[in-house]
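I sat down with this model to look up how its helices pack and where its aromatic rings meet. Here are my notes.

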Amino acid sequence: HSLAVYVDGGPPALTQVLGPVRELLRFDLVVAYGIEEDGSGFAPSFLEMEGGRVGLTTARRIFREFMSGQRVRFGGYDPRKPEPWNRNKPLLYSDIARQGIRTTPMAELLLPRMSVHVSEQLRVLVCEGPSLLAWFGGFRDVRADPYTQRDRRVLGAMVPSLRRRLVLERTIGSAGTTQAALEIALEAIAAPAFLLTSAGAPVLANASGRAALDAGPAVLGTKLRDAVRSP
């Protein structure tokens, strides 16, 4: 329900589900993070977590320090384009090791600072096509409480809702920039240009389009509606 309902100005959906997911899967620590490229390499676009021995503020600092200057292969996946076998599938460390990925800087350097071990993780790379939206998963003492097929199914059942919500938040987050870019593109067209609703009502217009609307709104309105209805 939290993932399906969007509240304008509300907290990111992932912060609302970390607690319930931690309880449901008996995680000692549950984590969600995103990766983005900056001018010098990679950086976390967000990091949320619940549980564990390290506070969120400290964890974010540790994560930023680790990411600074990292190469593409810093974890068990390619952040620019995760491998098909790595996308939207709940995986354990043993699953990743079978793909020939035995050790990574993240396992050697980052996770010990977070007081967890890579062998304790169950995670999913939430992807939209080849694009990584988020790393989502957690850690627990597998010696006392090994992961089961049920755990995989529970995490896997969340993936479609996680993917839809992350895509929605990314789209809404970039809406202002997208509209500004569209307005600039429309203004670069000399002829009257319009963005229309499915009924043919103008949503955006360039300068030539606004002038045409002012000169003959009734006639132009009919033409626009006809244009939308035509093949």
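**Aromatic rings and a helix pair**

I started with burial, and found that W135 and F139 are both buried. A reminder to myself: this is a predicted model.

Next I looked up the rings of these two residues. Their centres lie 6.1 Å apart with the planes at 20 degrees, so W135 and F139 count as a stacked pair, the limit for stacking being under 30 degrees.

I then asked which residue forms a stacked pair with W135 at 5.4 Å centre to centre. My answer is Y33, with 10 degrees between the planes. This pair joins distant parts of the chain, as Y33 sits in strand 1 (residues 29-38) and W135 in strand 5 (residues 131-139), 102 residues apart. Y33 has 3% relative accessibility and W135 has 4%, so both fall under the 20% cut-off for buried.

I also checked the wider picture: Y33, F63, W135 and F139 make up one aromatic cluster. The count of aromatic pairs is 7.

F63 took me on to the helices, since it is one of the helix 2 residues that meet helix 4. How do the two helices run? The axes of helix 2 (residues 56-67) and helix 4 (residues 105-113) come within 10 Å and cross at roughly 155 degrees. That is over 145 degrees, so helix 2 is roughly antiparallel to helix 4. The crossing is right-handed.

Last, I listed the contact: R61, I62, F63, E65 and F66 from helix 2 meet P105, M106, L109, L110 and R113 from helix 4. By class, I noted 7 nonpolar, no polar and 3 charged residues there.

Technical notes:
Residues numbered from 1 in each chain as written. Predicted model: local features only at pLDDT ≥ 70, side-chain atom pairs only at ≥ 80, totals over all residues. Heavy atoms only, no water. Axes fitted to C-alpha atoms, helices over the stretch in contact; angles between N-to-C directions. Helix = DSSP H or I, 4+ residues; strand = E, 2+ residues; numbered from the N terminus. Parallel < 35°, antiparallel > 145°, perpendicular 65-115°, else oblique. Left-handed = near helix turned anticlockwise from the far one by under 90°. Contact = heavy atoms within 4.5 Å. Nonpolar A, V, L, I, M, F, W, Y, C, P; charged D, E, K, R; others polar. Phe/Tyr/Trp six-rings, centres within 6.5 Å; stacked < 30°, edge-to-face > 60°. Buried < 20%, exposed > 50% of the residue type's maximum accessible area, 1.4 Å probe, protein only.
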